[in-house]
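This briefing describes selected features of one protein structure for a reader who is new to the subject. Please keep the sequence and the structure in view while reading.

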Amino acid sequence: MLDLSPRMAIQLPGLSGKVAIVTAAASGIGQAIAVQLGRQGAHVIACDMSDASSTVSTITADGGRAEFESLDATDRPSIDALMQRVSEDHGRVDISVSVVGGGDRRPFLEQSADSWHRVFDLTVHSHWQPATRGRWLPS
């Protein structure tokens, strides 16, 4: 279990009022990053395919601002829709943190082509897509 206590935070100046999208925010490293951004004043869009309401609750209980957005970070239309919505609702995206990852735990030579493509989508495309989709947003 991750220690989400404030004592674990690295203080980063200038996060107050920034809009941050964090993928894989329901648990693990993504959750820890989202909580710390929220504690330091960023408005956090906590994205995950799983329910990230506990992440949002932790942030708001500390006085921060956060919302949950269900997202498959490998699905380009979903990312486009998210970026459009965030742009319309908040006017910009200041911070994008992509933490999605995963893979097939079978030995490499036992994996199917479909499995390999899914791993590549999770570990490469899921990071590239939000970064490239965000560049057209107003700053």
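Strand β1 (residues 19-22) and strand β2 run parallel and are joined by four bridges. The model is a predicted one. The points below begin with strand β2 and its partners, and then turn to the surface.

**Pairing of β1 with β2**
- Within this pairing, Ile-21 stands opposite Ile-45 of β2.
- Between the two strands, the chain passes from β1 through helix α1 (residues 28-39) to β2, and the resulting β-α-β crossover is right-handed.

**Pairing of β2 with β3**
- Strand β3 (residues 65-70) also pairs with β2 in the parallel sense, here over six bridges.
- His-43 stands opposite Arg-65 in β3.
- Asp-48 has Ser-70 of β3 as its bridge partner.
- A right-handed β-α-β unit is formed by β2, α2 and β3.

**Burial of β2**
- Is strand β2 enclosed by the rest of the structure or open to the outside? Six of the six residues of β2 (residues 43-48) are buried, so the strand is largely enclosed by the rest of the structure.
- Both faces of β2 are covered. On one side, His-43, Ile-45 and Cys-47 are buried, and on the other side Val-44, Ala-46 and Asp-48 are buried.
- Two of the residues already named in the pairings, His-43 and Asp-48, therefore belong to a strand whose six residues are buried, a term for a relative accessible area under 20%.

**Ala-61 in helix α2**
- Ala-61 lies in helix α2 (residues 53-61), the helix of the right-handed unit with β2 and β3.
- Is Ala-61 buried or exposed? Ala-61 has a relative accessible area of 65%; because exposed means over 50%, this residue counts as exposed.
- Ala-61 and Arg-39 are separated by 22 residues in sequence, while their C-alpha atoms are 9.8 Å apart in space.

**A nonpolar surface patch**
- Which residues make the nonpolar surface patch of about 560 Å²? The patch is made by Phe-108, Leu-109, Trp-116, Phe-120 and Val-124.
- Phe-108, one of these residues, is placed in the loop between β4 (95-97) and α4 (113-133).
- The relative accessibility of Phe-108 is 56%, so this residue counts as exposed.

Notes
Residues numbered from 1 in each chain as written. Predicted model: local features only at pLDDT ≥ 70, side-chain atom pairs only at ≥ 80, totals over all residues. Heavy atoms only, no water. Patch = residues over 30% accessible without salt bridge, like charges linked within 9 Å, V, L, I, M, F, W, Y side chains within 5 Å. Areas by Shrake-Rupley, 256 points an atom, 1.4 Å probe, with all protein chains shown as cover. Salt bridge = Lys/Arg side-chain N within 4 Å of Asp/Glu carboxyl O. Buried < 20%, exposed > 50% of the residue type's maximum accessible area, 1.4 Å probe, protein only. Pairing = 2+ DSSP bridges. Right-handed = clockwise from strand over helix to strand, strands pointing away.
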